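Student: Could we take a close look at one part of this structure together? I would like to go through it slowly, with the atoms in view.

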Amino acid sequence: MGSKCVTGSAILNDGPKTENNIKALNGLIVIDIDGPEGAESISNMVEEYGILPTTLTCKTARGRHLIFKHPGGIINSRGNMLPKVDVR
């Protein structure tokens, strides 16, 4: 079963689910939120720093991906910023 990406009212099927299918796209940055602990981490961050911009969101097997235009530089947190949240 493929994952689904949603932006506004549009739903995009990104094909078969693989670990790196979204992360490999050039020019993008992905916030990978895993499970309730990751959702709580993002909620706490939003409470402290403000709401994230509206963006493409993909449901995954363990949570969701938020996809943004890459700001440049090297970004790969591997869970070092927030519990159960990776930025790549």
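Student: With which residue does Arg-88 form a salt bridge, and how far apart are the closest N and O atoms?

Tutor: Happy to walk through it with you, keeping in mind that this is a predicted model. The partner of Arg-88 is Asp-86, and their closest N and O atoms are 3.1 Å apart. Both ends of this pair are out of the open: Arg-88 is buried, and Asp-86 is buried too.

To place that pair, it helps to step back to the overall fold. The protein has one helix and six strands, and along the sequence they come in the order β-β-β-α-β-β-β. Of its 88 residues, 28% are buried, and Arg-88 and Asp-86 are among them. The accessible surface amounts to about 5900 Å², with carbon and sulfur atoms contributing 56% of that area. If we take the contacts with a separation of 6 or more, 58% of them join residues 24 or more positions apart.

The structure holds two salt bridges, so the other one deserves a look beside yours. Arg-62 forms a salt bridge with Asp-34, and there the closest N and O atoms are 3.8 Å apart. Arg-62 sits in the loop between β4 (56–59) and β5 (63–69), while Asp-34 belongs to strand β3 (residues 28–34), so this pair ties together parts that are 28 residues apart in sequence. The two ends also differ in exposure: Arg-62 is exposed, because its relative accessible area of 52% is over the 50% cut-off. Asp-34 counts as buried, because its 15% relative accessibility is under the 20% limit.

Now back towards your pair, this time from the helix. Ser-41 lies in helix α1 (residues 35–49), and Ser-41 counts as buried, with a relative accessibility of 7%. Leaving aside residues up to four places away in sequence, Ser-41 touches Leu-82, Pro-83 and Val-85. With Pro-83 there is a polar detail as well: a polar atom of the Ser-41 side chain lies 2.8 Å from the backbone oxygen of Pro-83.

To put the picture together, Arg-88 and Asp-86 form a salt bridge between two buried residues. The Arg-62 and Asp-34 bridge joins a loop to a strand, and Ser-41 of helix α1 reaches Leu-82, Pro-83 and Val-85.

Note on methods: Residues numbered from 1 in each chain as written. Predicted model: local features only at pLDDT ≥ 70, side-chain atom pairs only at ≥ 80, totals over all residues. Heavy atoms only, no water. Helix = DSSP H or I, 4+ residues; strand = E, 2+ residues; numbered from the N terminus. Buried < 20%, exposed > 50% of the residue type's maximum accessible area, 1.4 Å probe, protein only. Contact = heavy atoms within 4.5 Å. Areas by Shrake-Rupley, 256 points an atom, 1.4 Å probe, with all protein chains shown as cover. Salt bridge = Lys/Arg side-chain N within 4 Å of Asp/Glu carboxyl O. Polar contact = N/O pair within 3.5 Å; in protein donor to acceptor, adjacent residues only side chain to side chain.
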